[in-house]
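Got the viewer open and a free hand for the selection box? Let's walk through this one stop at a time.

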Amino acid sequence: MSAIRFFHMADLHLDSPFKGLFGLPEKNLKKIRASTFEAFDKIIQKTIEERPDFLLIVGDLYDGENRSLQAQRRFQAAMETLFEHNIPVIVSYGNHDHLHGSWTRFALPSNVYELPADTSVVQLKIRGQQVNIYGFSYGERHVKESMIDRYPVAQDQHAIHIGMLHGSEASDSTHAVYAPFKKEQLLEKRYHYWALGHIHKRQLLHNEPPIVYPGNIQSRHRNEQGVKGFYDVTLSQTAANLTFMPTSAVVYNMVEVDCTNVLHANELLQKCEEAIAHNRMAYGASVIELHLKNIDEEAAALFEHASVEEWLETIRESEDGIEPMGWVQKLILHKVSSSHESTTMTESVISVMEQWDISDWKDILKDLYQHASGARFVEPLTEREIEHLKLDAQELLTDEIQRV
């Protein structure tokens, strides 16, 4: 039997609000706000150029259950374009864009198969090859129960079987656990490919058959680092070939600057500019978390008469007008410990923080995260963000002790 080819993507989050962005020039803000649409446009252009047999979109096509008018219009227009090229699209909706949301509805062309809340199968015939695609859409925002038992075991030995599932591996706590599954449960279905969604980090959970998270197509905040995209998949009953295709319009990156032997402000600024320029060459438009490493006593003196906020603003000014943009969202200092005593004196406090889990941190920071006027500007509290908080706290403690 002949191989088939499809694009596997998930978590488009069209029209994402992009929280936690402050002080950007208007053109940069517009670039970031439009980035999910730009990433989606890249997919459509690639689809027209490459002509895969079909597309799989595995949940959270839209960012919110109200499905903004702009996002729906852009998606509907793109589907009309693919209809003209006779390319089928199979869509499942996830926890963000579940079926019981409230939105102004657009009619999609007949090449688009929208999976219902009950697990069902879409059957395609591609160059004589039968392809069965199984999946469901979220009927409600919260699907906490396992859905795997509702997927049939593959029976037709001549068909290619593909499962679509927007959900979490049962042991993964990085995202809210929805439609949980165990890898062994997926393997028991005897499918040739599992197209997953919901986790925004690209992951290959199993090789033969492939069990795949493509990640989202565009980072939405600084906790989603690196290049995002989708998988171009060639699949037969006996083999699979996966090629990652980047789509990021704006890349969120952590950039390090080695401050060893830095004595003067102009030296530090030059090092920052060079690091940002290197990132620009490698990744294009970026939102950058700039980490100043190896700050010894001499380098630390540069921050005695100018605050971190002043340095951040100066670095931003030096990048203003350079394209593609390199917006420095945050500046983080990593100081070399100047004395064993100061490190020891902070250990008891840090050891207490090390014992806190994410629930403890949420309880401690609840006033900030539950404040009605500010909550929409605060980024999600993740394990990575907690590590930053621990580091910041340790450095603040060390600074205060050294002043005593």
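Start with the whole chain on screen: of its 404 residues, 48% count as buried. Keep in mind that this is a predicted model. Colour by secondary structure and you should find 11 helices and 15 strands. Now switch to a surface view. About 19400 Å² of the chain is exposed, and carbon and sulfur atoms supply 50% of that area. As for how the chain folds back on itself, take the contacts between residues at least 6 apart in sequence: 72% of them join residues at least 24 apart.

**Stop one: a helix with a buried face**

Select residues 69–84, which make up helix 3. This helix has 16 residues and spans 23 Å from its first C-alpha to its last, close to the 22 Å expected at 1.5 Å a residue. Next, show the side chains of Ala71, Gln72, Phe75, Gln76, Ala78, Met79 and Leu82, the buried residues of helix 3. Turn the view until you look down the helix axis: the buried residues fall within an arc of 165°, so they line one face of the helix.

What covers those buried residues? Add helix 2 (35–50), strand 2 (54–58), strand 3 (89–92) and strand 4 (112–114), which are among the elements covering them. Then spin round to the face turned away from the buried side, where you will meet the exposed residues Leu69 and Glu84. Before moving on, click Asn86, just after helix 3, which takes a positive phi of about 60°.

**Stop two: a three-stranded sheet**

Now select strands 13, 14 and 15, which form an open sheet in the order 13-14-15, with parallel pairing. Strands of a sheet pair through backbone hydrogen bonds, so switch those on if your viewer can draw them. Strand 13 (251–258) and strand 15 (326–335) are the edges, each with a single partner strand, so one side of each has no neighbour in the sheet. From one strand to the next, the twist averages 20°.

Zoom in on strand 14 (residues 286–295), which runs parallel to strand 13 and is joined to it by eight bridges. To see one of these pairings, pick Val251 and look across to Ser286, its bridge partner in strand 14. Then add helix 5 (residues 265–283), which packs on the sheet and touches strand 13, strand 14 and strand 15. The direction of helix 5 makes about 145° with that of strand 13.

**Stop three: backbone oddities**

Most residues other than glycine have a negative phi, and most peptide bonds are trans, so the next few picks are worth a look.

Go to the loop between strand 1 (4–9) and helix 1 (26–33) and select Asp11. The phi of Asp11 is near 55°, a positive value in a residue other than glycine. Asp15 sits in the loop between strand 1 and helix 1 too, and has a positive phi of about 70°. Which of the two is buried, and which is partly exposed? Asp11 is buried, with a relative accessible area of 1%, whereas Asp15 is partly exposed at 26%.

For the cis peptides, select Glu208 and Pro209, whose bond has an omega of about 0°. Pro209 lies in the loop between strand 9 (203–206) and strand 10 (211–213). Finish at Glu323 and Pro324, joined by a cis peptide bond with omega near -10°. You will find Pro324 in the loop between helix 7 (308–319) and strand 15.

Definitions and conventions. Residues numbered from 1 in each chain as written. Predicted model: local features only at pLDDT ≥ 70, side-chain atom pairs only at ≥ 80, totals over all residues. Heavy atoms only, no water. Pairing = 2+ DSSP bridges. Helix = DSSP H or I, 4+ residues; strand = E, 2+ residues; numbered from the N terminus. Axes fitted to C-alpha atoms, helices over the stretch in contact; angles between N-to-C directions. Contact = heavy atoms within 4.5 Å. Buried < 20%, exposed > 50% of the residue type's maximum accessible area, 1.4 Å probe, protein only. Areas by Shrake-Rupley, 256 points an atom, 1.4 Å probe, with all protein chains shown as cover. Expected span 1.5 Å × (residues − 1). Arc of directions from axis to C-beta.
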